[in-house]
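Biologist: Please take a single part of this model and look at it closely, setting it in the context of the whole chain. I would like to know which residues it turns inward and what lies over them.

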Amino acid sequence: MTKPLALLFYEKLLPGTQLLNRLQDIGYRVQTTNEINALPELARSAKPLIVFADLLDRQGRVPTIIKSLRQAEDTCHLPLIAFASEKESTLQEAARLAGASLVVNEGVLLQHLDHFMDQALQLD
């Protein structure tokens, strides 16, 4: 049986690689990108079960990309967990407004990953 796929965007090594390793530990295949503009096409072609996005990127485009994922018919259904440090409250709010399924503090992301994933994957 094929493992479920998680799509992960990150630029900062520490939280990104830790999340990558944790997802693999719990049985996910993980496809990563460090190019935020590639995320919509990857989401369309790879058909992940869930998407993770680090909100802090060089271009400041993550909320815009989240909004485009929400507006596209073929990606609007994907659960998307956005994460950033606690001090990035403006980015966190922008991600909520853009349509992220869940916005979490990167400091607790790994500790409560199972709970956050259950919450994001919950069907309405």
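Modeller: In what follows, Lys and Arg count as positive and Asp and Glu as negative, with His and the chain ends not counted, and each charge is placed at NZ of Lys, CZ of Arg, CG of Asp or CD of Glu. This is a predicted model, in which local features need pLDDT of at least 70 and side-chain atom pairs pLDDT 80 or more, while totals for chains, interfaces and linings use all residues. Residues are numbered from 1 along each chain as its sequence is written, and side-chain values use heavy atoms, without hydrogens or water. On that basis the chain carries 12 positive and 15 negative side chains, the centres of the two sets lying 3 Å apart.

Six helices and five strands make up its elements (DSSP runs, H or I of at least four residues and E of at least two, numbered from the N terminus), in the order β-α-β-α-β-α-β-α-β-α-α. Of the 124 residues, 45% are buried, meaning under 20% relative accessible area with a 1.4 Å probe, protein chains only.

The part I would single out is helix 6, residues 113-121, whose buried residues are Leu 113, Phe 116, Met 117 and Ala 120. These four lie on the same side of helix 6, because they cover an arc of only 100° around the axis, taken from the directions to the C-beta atoms. In general, an α-helix has 3.6 residues a turn, so residues three or four places apart point the same way. The cover over the buried residues of helix 6, by contact (heavy atoms within 4.5 Å), includes helix 1 (13-25) and helix 5 (106-109), together with strand 3 (50-54), strand 4 (80-84) and strand 5 (102-105). For the chain as a whole, 64% of contacts between residues at least 6 apart in sequence join residues at least 24 apart.

Definitions and conventions:
Buried < 20%, exposed > 50% of the residue type's maximum accessible area, 1.4 Å probe, protein only.
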